[in-house]
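Where does this chain leave space, and where does it fill it? Let us walk through its pockets, its cores and one of its helices.

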Amino acid sequence: MKDTIQIQYYSSPCGEIILGSYDDRLCLCDWLSEKRRNLIDSRIQKGLNAQYKVMESETIAKAISQLDEYFDRKRTVFDMPLLFVGTDFQKSVWNKLLEVSYGKTESYARFSKRVGNPEAIRAIASANGANGISIFVPCHRIIGSNNKLIGYGGGLPAKKWLLELETPTLRLL
C-alpha cells in the first residue's frame with residue numbers, strides 16, 4: 001500500500017502552484033505550468049512510494065502562510081522543514097541554493113563554483129531545473145551572465161517577477 005503525499009493548490013501573483021507535504025515536511029512547491037510537471041511528480045511519488053491526494057495539511061497551511069508573507073514583502077527567509085526527493089547530486093545543488101540570499105542573484109558559473117564543481121555548469125543547471133520546491137529553494141536567483149534570465153520552470157515572466165519582488169532596483173535583461 002502506498003503512502004500519501006498531501007497536496008493543495010495555491011494561486012500566487014505570478015502563477016498557479018502545487019504544494020505537497022509528506023511526513024510533516026514540504027516536498028513540493030512547483031508551478032502547474034512546469035513543462036516537466038510529469039517528470040517531477042513521477043520522481044517525487046516514486047521516490048516516496050506515495051501518491052498525491054488533495055487534502056489539508058498543517059505543513060501546507062504553514063507554507064501558504066509563508067508564501068503569502070513573501071509575496072506581501074513581509075518575509076525574506078523561510079523556515080519550512082523540507083524533504084528533497086532526488087539524486088545525491090541534485091540534493092547537494094538544492095542545499096547550496098538555500099545559501100543564495102533574498103535579493104541576491106548568482107550566475108550559473110559562479111554558482112557552480114559555490115557547489116564546488118566549476119566545470120559542471122550544465123549538470124548543475126539541470127539539477128537546478130529539476131528543483132521541485134521552487135521559491136523555498138530559490139532556483140529563480142540563478143541567472144545567466146550579464147544579468148540575462150535563462151530557464152525557469154514557472155516561465156521567464158514568473159522568474160523576472162520574483163526577482164523584481166525581491167530586488168525592485170534589479171535591472172534584468
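This is a predicted model. In it, the second largest pocket holds about 180 Å³ of space. Its lining comprises 13 residues, and V77, F78, L98, F136 and R141 are the closest to its centre. By class, that lining has 10 nonpolar, 2 polar and 1 charged residues.

Now turn to the largest pocket. Its volume is about 260 Å³. Here 17 residues form the lining, with R36, G129, G151, Y152 and G153 the closest to the centre. Helix α5 gives the most to this lining, with 3 residues. The classes divide into 5 nonpolar, 7 polar and 5 charged.

Next, the nonpolar interior. In soluble globular proteins, nonpolar side chains tend to be buried together. The largest nonpolar core of this model has 36 residues. F71, I135 and F136 have the most contacts inside it. Two or more residues come from each of β2 (15–22), β3 (25–31), α2 (58–71), α3, α4, α5 and α6 (156–166). Helix α2 gives the most to this core, with 5 residues.

F136 deserves a second look. This residue is among the closest to the centre of the second largest pocket, and it is also among those with the most contacts inside the largest core. Which residues does F136 contact, leaving aside its neighbours within four places in sequence? They are L26, C29, A63, Q66, L67, F78, M80, L82 and L98. Of these partners, F78 and L98 also rank among the closest to the centre of the second largest pocket.

A second core is separate and has 13 residues, including I18, L28, L48 and V85.

Helix α3 spans residues 88–97, and its buried residues are Q90, V93, W94 and L97. Seen down the axis of α3, these fall within an arc of 100°, so they line one face of the helix. What does that buried set pack against? The partners are α1 (37–48), α4 (108–115), α5 (121–129) and β6 (142–143).

Last comes the enclosed space. The count is 1 cavity of 30 Å³ or more. The largest cavity has a volume of about 40 Å³. C27, R43, I44, L83, F84, V85, W94, N131, G132 and I133 line it. That lining has 7 nonpolar, 2 polar and 1 charged residues. Two names recur here: W94 is one of the buried residues of α3, and V85 belongs to the second core.

Note on methods. Residues numbered from 1 in each chain as written. Predicted model: local features only at pLDDT ≥ 70, side-chain atom pairs only at ≥ 80, totals over all residues. Heavy atoms only, no water. Buried < 20%, exposed > 50% of the residue type's maximum accessible area, 1.4 Å probe, protein only. Helix = DSSP H or I, 4+ residues; strand = E, 2+ residues; numbered from the N terminus. Arc of directions from axis to C-beta. Contact = heavy atoms within 4.5 Å. 1 Å grid on protein atoms, 1.4 Å probe; cavity = no way out; pocket = protein on both sides within 12 Å on 5 of 7 lines; lining within 4 Å. Points joined across faces, edges and corners; volume = space filled by probe spheres on them. Nonpolar A, V, L, I, M, F, W, Y, C, P; charged D, E, K, R; others polar. Core = buried A, V, L, I, M, F, W, Y, C linked by side-chain atoms within 4.5 Å.
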